[in-house]
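Open the model in your viewer and keep the selection panel handy. We'll go chain by chain, then finish where the two meet.

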Amino acid sequence: MSAIDRYYQLIQSEKILLTYKGSMDGETISFLVKLVEKSITEAGEKLAIRKKIVNILVESLQNILNYFAEESLDKSLENESFVIVTCTKQEYEITVGNYLSTQRMKTLKKRIDNVNMMSQEDLQKVYLDILENPKVSMSRGAGLGLIDMARRTQNKINYSFSPYDNDYVLFMMGMIINRVKDTVTI
Amino acid sequence: MESLIIENTNKTPKVFFNALNGKMELTGRSIPENSFQFYEPLLQWIDEYSKSPQEQTQFSFRLDYFNTSSSMYILGILKKLERLHLDGKVVKVFWHYDSEDEDMLQTGEDLKQIVKIPIEMTESEG
């Protein structure tokens, strides 16, 4: 099967709205967000869902940008950052990935686990706490960005770390945005 | 004192801070990578304005999207308005949200809990 056939099969079966691999700078992020926004608007997606997608996309891609601003890696590793946005009848999934140091992995894992353990009420409370006292952020073991994403999606954050060498790992994070609201059963 | 007017970009909102009538507005999306760089001059302007404010100050937030780093500065603006309000000045804050945008409504409600200042939620049709 040719590359074109394989690609076509993939985008049909998975309904891929966007895939990108490369460096993440401000302009690239704006462009990627614009592409996704265009396709979900043209597909007639509801405004509330569109906004959630844009918010989460911006937040997760800027996380990558901010991380490399703090801790710079070999350019060849930085350029392996990626994003995939897929869509099914029930949900959208935003997956982002980038290399990071093993050191960073430990703190990040703790943060995500922390967020995933919180109920919506907890998330709401901690969100307000951090917003009011940004310095609390570190001691609470979670940044505002992750909490905000978990609040908006009302889903757990999926993640994985794949070892690359002794110093670096490939980090992947997936967030699901439901298209249909759960109906309350009595 | 001069008014502060900054046109919007694809990452930053339009700023219309009118020193003459005390009406201020932020309109559009606020997703800059460097929120400090964008918001610091706005906060400084409000400090300057607060030295001799108009009888009534009105602030309208008409935001489509904002990232979490912007939310810290939006709260910063509200804190400054709160001080003005506590000093006995008339301050009105309007938080505009699209009727379908429950997240934006929620954020408005969140901010309302943090600052002691009347914030009016204003719903608009998408």
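Before you select anything, a word on labels: helices (H or I, at least four residues) and strands (E, at least two) are DSSP runs, numbered from the N terminus. Residues count from 1 along each chain as its sequence is written, while chains are lettered from A and ligands numbered from 1 in the order in which they are written. This is a predicted model, in which local features need pLDDT of at least 70, side-chain atom pairs count only at pLDDT 80 or more, and totals for chains, interfaces and linings use all residues.

**Stop 1: the sheet of chain B**

Select the strands of chain B. You should see an open sheet of six strands in the order E1-E2-E3-E4-E5-E6, with mixed pairing; two strands pair if DSSP finds at least two bridges between them. The edges are E1 (4–6) and E6 (119–124), each pairing on one side only. From one strand to the next the twist averages 15 degrees; axes here are lines fitted to C-alpha atoms, for helices over the stretch in contact, and angles run from 0 to 180 degrees between N-to-C directions.

Start at E1(B), which runs antiparallel to E2(B) and is joined to it by three bridges. Click Leu4(B) and look across to Phe17(B) in E2(B), which stands opposite.

Next, take E2 (residues 14–18) and E3 (residues 23–30) of chain B: they are antiparallel, with five bridges between them. Asn18(B) has Lys23(B) in E3(B) as its bridge partner. The two strands form a hairpin with four residues between them, and Gly22(B) in the turn has a positive phi of about 70 degrees.

Now move on to E3(B) and E4 (residues 56–66) of chain B, a parallel pair with eight bridges. Ser30(B) is partnered by Phe66(B) in E4(B). To get from E3(B) to E4(B), the chain goes through helix H1 (residues 35–51) of chain B in a right-handed β-α-β crossover. Right-handed means that, with the strands pointing away from the viewer, the path from the first strand over the helix to the second runs clockwise.

At the far end, E5(B) and E6(B) run parallel with six bridges. Pick His96(B), whose bridge partner in E6(B) is Thr122(B). H3(B) carries the chain from E5(B) to E6(B), and this β-α-β crossover is right-handed.

Before leaving, show H2(B): it lies across E3, E4 and E5 (90–98) of chain B, running at about 170 degrees to E4(B). Contact between two residues means that their C-beta atoms, placed from the backbone, lie within 7 Å.

**Stop 2: the sheet of chain A**

Switch to chain A and select its open sheet of five strands, ordered E1-E2-E3-E5-E4 with antiparallel pairing. E1 (16–21) and E4 (158–163) of chain A are at the edges with a single partner strand each, so one side of each has no neighbour in the sheet. Neighbouring strands are turned by 15 degrees against each other on average, direction ignored.

Zoom in on E3 (residues 91–101) and E5 (residues 168–178) of chain A, an antiparallel pair with 11 bridges. Tyr99(A) is there, opposite Leu170(A) in E5(A). Then bring up H2 (residues 26–42) of chain A, which lies across E1 and E2 (82–87) of chain A and runs at about 170 degrees to E1(A).

**Stop 3: a helix pair in chain A**

Select H6 (residues 120–132) and H8 (residues 144–153) of chain A: they pack at an angle of about 145 degrees, with their axes 10 Å apart. Among the residues that meet here are Leu123(A), Tyr127(A) and Ile130(A) in H6(A), and Leu144(A) and Ile147(A) in H8(A).

**Stop 4: colour by confidence**

Colour chain A by pLDDT, the predictor's confidence in each residue, from 0 to 100. The chain averages 88, and 92% of the residues score at least 70. Among the elements of chain A, E5(A) has the highest mean (96) and H7 (residues 136–139) the lowest (48). Where pLDDT is low, the predicted coordinates should not be read in detail.

**Stop 5: where the chains meet**

Show both chains: 19 residues of chain B are in contact with 21 residues of chain A. On the chain B side, H2 (68–86) and H3 (102–114) each supply at least two residues. The largest share of that side, five residues, comes from H3(B).
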